[in-house]
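Student: I'm new to this structure and would like a close look at a single part of it. Could you pick one helix and walk me through it?

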Amino acid sequence: MHIPVTSILLMSVSAVLSIGVPIALFLVFRKKFNFKILPMIFGIIGFTLFALVLESTIHSLVIGKIIIKESQPLLFIVYAVFMAGIFEESARLIAFLILKKKYSGIGTGLSYGIGHGGTESILLAGVSLIFTIVMSILINTGNINLLTGKLSGTALTAMNAQITQLTTTAPYLFLVSGLERMIAIAIQLSLSVVMFYAVFGNKKLWLYPAAIICHAIIDTPAASMQAGLLKSIPLVEILALVCAVLMVILAWFIHRSFREP
């Protein structure tokens, strides 16, 4: 077994993008908008608690027991996209309601968005890619036993399947992971701006359900692929890019319309 050097290089590029871009955005935006670190910390906590803990706990109780992805694909898609929207936008709502007491300005929304989207990017892509790079190096240097030596049963089967997938995946797909994170960060920042004005704007709470619906629409292509209704990775990424562009435009329009003079 051998992992192409091109694959490892593109994994590295995606890892750098997934980890480096959120950090770069924080440094640039912090200076430009003079925002504080606490809203970003709220974003980190919001994503971790609501998306990784609470939402994942609900999924473990529902998916495979009440909703079967293979036999109920449409129900799975509706459930998955609205759960993501409800949990993540509720995290933003609660965070901004707390922050409103001492903070103001669009920098607060952007700071939260970097914490929320940056944590998603680093944990879901960056860390995973680093592990994959290490795996690839071990495979190529003949040290595969360090990965499989102490495994048995289903754990060994899963690891062998993961190794096989690494060796057969087209190199360019590893770059898609990093590009996908850039799209996701743009979306998370845009949704944070929308939710910022839902809380900080005058009688703009209707933006909360609007953000949930937008979030659900954005997640629909990915959920459709999970359910097996969409097969094309490029198509899913193109749809995600279109959604990101539209969300950035919407966030900019809302900012221009509702910001204080």
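Tutor: Let's look at helix H7, then at the pocket it helps to line, and then at one residue within it. Keep in mind that this is a predicted model. Helix H7 runs from 172 to 200. With 29 residues at 1.5 Å a residue, H7 should span 42 Å, and its end C-alpha atoms are indeed 42 Å apart, so the two agree. Now, is H7 enclosed or out in the open? Of its 29 residues, 21 are buried, so the rest of the structure largely encloses it.

On to the pocket. The largest one has a volume of about 1600 Å³. It's lined by 45 residues, and the closest to its centre are Leu124, Glu180, Arg181, Ala222 and Gln226. Several helices each supply at least two lining residues, among them H2, H3, H4 and H7. H7 gives the most, with 11 residues. As for the character of that lining, 27 of its residues are nonpolar, 11 are polar and 7 are charged.

Finally, zoom in on Gln188, which sits in H7. Its relative accessibility is 4%, which is under the 20% cut-off, so Gln188 counts as buried. Who does Gln188 touch, if you skip its neighbours within four places in sequence? The answer is Glu88, Arg92, Gly113, His116, Gly117 and Glu120. With Glu88 there's also a polar contact, side chain to side chain, at 3.1 Å.

Notes. Residues are numbered from 1 along each chain as its sequence is written. This is a predicted model: local features need pLDDT of at least 70, side-chain atom pairs count only at pLDDT 80 or more; totals for chains, interfaces and linings use all residues. Side-chain values use heavy atoms; hydrogens and water are left out. On a 1 Å grid over the protein atoms alone, a cavity is a set of points where a 1.4 Å probe fits but cannot get out, and a pocket is an open set with protein on both sides within 12 Å along at least five of seven lines; lining residues have an atom within 4 Å of a point. Grid points are joined across faces, edges and corners, and a volume is the space filled by probe spheres set on the points. Helices (H or I, at least four residues) and strands (E, at least two) are DSSP runs, numbered from the N terminus. Ala, Val, Leu, Ile, Met, Phe, Trp, Tyr, Cys and Pro count as nonpolar, Asp, Glu, Lys and Arg as charged, and the others, Gly among them, as polar. Buried means under 20% relative accessible area, exposed over 50%, partly exposed in between (1.4 Å probe, protein chains only). A polar contact is a pair of N or O atoms within 3.5 Å; within protein, one must be able to donate a hydrogen and the other to accept it, and residues adjacent in sequence count only if both atoms are side-chain atoms. Contact means heavy atoms within 4.5 Å. The expected span of a helix is 1.5 Å times one less than its number of residues.
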